[in-house]
Amino acid sequence: MATSRLNRPISPHLNAYNMFRVTSFLSILNRITGFGIGFGLLFMILWLGAAAYGPDTYNTVLPFLTSWFAWLVYLGVSGALFYHYFNGIRFMFWDLGYGFEMPTVFKSGVVMVLFAAAAFALFWALVVSLY
């Protein structure tokens, strides 16, 4: 019995997941997007901090916040936010005890990704039209 305990992983890690299953991929992507949202908050803190320090500081930081790199970060963070939001709704249904059958888990994952992609596209269409 003691040797069988030593052969099991202590906690879940990437080796425990089959990356070719939709459920595993969406679960790992949820963790990655959570990290990405945290990274994006650094840009928001920079923007708010520069605005709080006054126009001179804001005008110093503005070229960086409007650079191509910042726009790539905005694209990534907005995609992560929409994915995380719709996946959170999916998790709320799971918390209520619905949708645990494997066909439903697969379908809800696909629907969630489609909703996130549609919201992302609509959001950026609006941003581009206003910019």
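## The largest pocket

In this predicted model, the largest pocket holds about 520 Å³ of space. Its lining is made up of 19 residues, and if you want to find its centre, look for Met44, Trp47, Tyr74, Val77 and Phe123, which are the closest to it. Four elements each give two or more residues to the lining: helix 2, helix 3, helix 4 (68–95) and helix 5 (102–130).

What sort of residues line the largest pocket: nonpolar, polar or charged? The split is 17 nonpolar and two polar, with no charged residues.

## The second largest pocket

Next comes a pocket with a volume of about 180 Å³. Here the elements giving two or more residues to the lining are helix 4 and helix 5.

The aromatic names on the lining list are Phe86, Phe93, Trp94, Tyr98 and Phe115. Ile89, Val111 and Met112 are there too, along with Gly99, Thr104, Ser108 and Arg90. Sorted by class, that gives eight nonpolar, three polar and one charged. Arg90 is the charged one, since Arg belongs to the charged class.

## Helix 2 against helix 3

Helix 2 covers residues 22–53 and helix 3 covers residues 55–65; their axes sit 7 Å apart, at an angle of about 155°. Angles over 145 degrees count as roughly antiparallel, so that is how helix 2 and helix 3 run relative to each other.

Which residues make this contact? From helix 2 come Phe43, Leu46, Trp47, Ala50, Ala51 and Tyr53, and they meet Thr57, Tyr58, Val61, Phe64 and Leu65 of helix 3. That makes 10 nonpolar residues and one polar, with no charged ones in the contact. Trp47 turns up in this contact and also among the residues closest to the centre of the largest pocket.

## Helix 2 against helix 5

Helix 2 also meets helix 5, and here the axes come within 10 Å and cross at roughly 45°. The two helices are therefore oblique to each other, and helix 2 passes helix 5 in a left-handed crossing.

On the helix 2 side, the contact uses Val22, Thr23 and Leu26. Helix 5 brings Met102, Val105, Phe106, Gly109, Met112 and Val113. By class, this contact has seven nonpolar residues, two polar and no charged. Keep an eye on Met112: this helix 5 residue takes part in the contact with helix 2 and is also on the lining of the second largest pocket.

Technical notes. Residues are numbered from 1 along each chain as its sequence is written. This is a predicted model: local features need pLDDT of at least 70, side-chain atom pairs count only at pLDDT 80 or more; totals for chains, interfaces and linings use all residues. Side-chain values use heavy atoms; hydrogens and water are left out. Axes are lines fitted to C-alpha atoms, for helices over the stretch in contact, and angles run from 0 to 180 degrees between N-to-C directions. Angles under 35 degrees count as roughly parallel, over 145 as roughly antiparallel, 65 to 115 as roughly perpendicular and the rest as oblique. Contact means heavy atoms within 4.5 Å. On a 1 Å grid over the protein atoms alone, a cavity is a set of points where a 1.4 Å probe fits but cannot get out, and a pocket is an open set with protein on both sides within 12 Å along at least five of seven lines; lining residues have an atom within 4 Å of a point. Grid points are joined across faces, edges and corners, and a volume is the space filled by probe spheres set on the points. A crossing is left-handed if the near helix is turned anticlockwise from the far one by less than a right angle, and right-handed if clockwise.
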